[in-house]
Amino acid sequence: GAAVGQIFRCAPNLPQSAALGSMTNILDTLYKICLHPRPDDEFINRFSKVIDVYSIAEKSELVDSLARFIAEKFLSGEGSFEETDVAINNLAGYAICNNRIPEFMWGVYMAFDDAELGSDGQQRLPSNLRHALGPAA
């Protein structure tokens, strides 16, 4: 696990069964699925097809890794607020539908949720995300 975390700084808790080289591809694929307009049945089915090959513990780690991926995409400027907000909302929708809400993912979701409130919400998002990501961010 530790060597994997050093290689993929954005995703320190990678599922052990995942091939090292393909993890970035899996996160990228899941991210693209998360850009679906809303967490409806079509989204849940597409997301589940990719993630259901993992064990329950690995799914939680993958959901957390994807939340970090989304947060870092926003913080780096690679993803707009609108895009990353849709992605985290859908990811949270998946987690809620499956009654498995990892604490880390929920913290990232709540930072985006707060950014939707008030005229200064998006200005608060970077510091709230850095707080959610922890000391390494």
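This briefing covers helix packing, salt bridges and a few individual residues in the structure above. The model is a predicted one, and the values quoted below are computed from it. Three helix pairs are described, namely α4 with α5, α2 with α4, and α6 with α7. The structure holds six salt bridges, among them pairs that involve residues of α4 and a pair that joins α6 to α7.

**Packing of α4 against α5**

- Helix α4, which spans residues 56–75, and helix α5, which spans residues 81–97, have axes that come within 9 Å and cross at roughly 165°.
- That angle makes α4 roughly antiparallel to α5, and α4 passes α5 in a left-handed crossing.
- On the α4 side the contact involves Lys59, Val63, Leu66, Ala67, Ile70, Lys73 and Phe74, which meet Phe81, Thr84, Ala87, Ile88, Leu91 and Tyr94 on the α5 side.
- Sorted by class, this contact of α4 with α5 has 10 nonpolar residues, one polar residue and two charged residues.

**Packing of α2 against α4**

- Helix α2, covering residues 23–33, packs with α4 at an angle of about 75°, and the two axes are 10 Å apart.
- The helices α2 and α4 are therefore roughly perpendicular to each other, whereas α4 is roughly antiparallel to α5.
- From α2, the residues Met23, Ile26, Leu27, Asp28, Leu30 and Tyr31 meet Leu62, Ser65, Leu66, Phe69, Ile70 and Lys73 of α4.
- By class, the contact of α2 with α4 has nine nonpolar, one polar and two charged residues.
- Leu66, Ile70 and Lys73 of α4 appear in the contact with α2 and also in the contact with α5.

**Packing of α6 against α7**

- The helices α6 and α7 pack at an angle of about 170°, with 8 Å between their axes.
- This arrangement makes α6 roughly antiparallel to α7, and the crossing of the two helices is right-handed.
- The α6 residues in the contact are Phe104, Gly107, Val108, Ala111, Phe112, Asp114 and Ala115, while α7 contributes Gly121, Gln122, Arg124, Leu125, Asn128, Leu129, Ala132 and Leu133.
- By class, the contact of α6 with α7 has nine nonpolar, four polar and two charged residues.

**Salt bridges involving α4 residues**

- Arginine 68 forms a salt bridge with glutamate 72, in which the closest N and O atoms are 4.0 Å apart.
- Because arginine 68 and glutamate 72 lie four residues apart in helix α4, about one helical turn separates them.
- Arginine 68 counts as buried at 11% relative accessibility, and glutamate 72 likewise counts as buried, at 16%.
- Lysine 73 forms a salt bridge with glutamate 78, the closest N and O atoms being 2.7 Å apart.
- The partners in that bridge contrast in accessibility, since glutamate 78 is exposed with a relative accessible area of 58%, whereas lysine 73 counts as buried at 10% relative accessibility.

**Salt bridges at α6 and α7**

- The side chains of arginine 124 and aspartate 114 meet in a salt bridge with an N to O distance of 2.8 Å.
- This pair links distant parts of the chain, with arginine 124 in helix α7 (residues 121–133) and aspartate 114 in helix α6, 10 residues apart.
- Arginine 124 counts as partly exposed at 26% relative accessibility, and aspartate 114 counts as partly exposed at 25%.
- Asp114 and Arg124 are joined with Asp120 in a network of salt bridges, and Asp114 and Arg124 also take part in the contact between α6 and α7.

**Individual residues**

- Methionine 110 has its place in helix α6, which spans residues 103–115, and methionine 110 is partly exposed, with a relative accessible area of 38%.
- Methionine 110 and asparagine 128 are 18 residues apart in sequence, and their C-alpha atoms are 8.9 Å apart in space; asparagine 128 is among the α7 residues in the contact with α6.
- Asparagine 99 is found in the loop between α5 and α6, and asparagine 99 is exposed, with a relative accessible area of 70%.
- The phi angle of asparagine 99 is near 55°, a positive value in a residue other than glycine.

Key
Residues are numbered from 1 along each chain as its sequence is written. This is a predicted model: local features need pLDDT of at least 70, side-chain atom pairs count only at pLDDT 80 or more; totals for chains, interfaces and linings use all residues. Side-chain values use heavy atoms; hydrogens and water are left out. Buried means under 20% relative accessible area, exposed over 50%, partly exposed in between (1.4 Å probe, protein chains only). Axes are lines fitted to C-alpha atoms, for helices over the stretch in contact, and angles run from 0 to 180 degrees between N-to-C directions. Angles under 35 degrees count as roughly parallel, over 145 as roughly antiparallel, 65 to 115 as roughly perpendicular and the rest as oblique. A crossing is left-handed if the near helix is turned anticlockwise from the far one by less than a right angle, and right-handed if clockwise. Contact means heavy atoms within 4.5 Å. Ala, Val, Leu, Ile, Met, Phe, Trp, Tyr, Cys and Pro count as nonpolar, Asp, Glu, Lys and Arg as charged, and the others, Gly among them, as polar.
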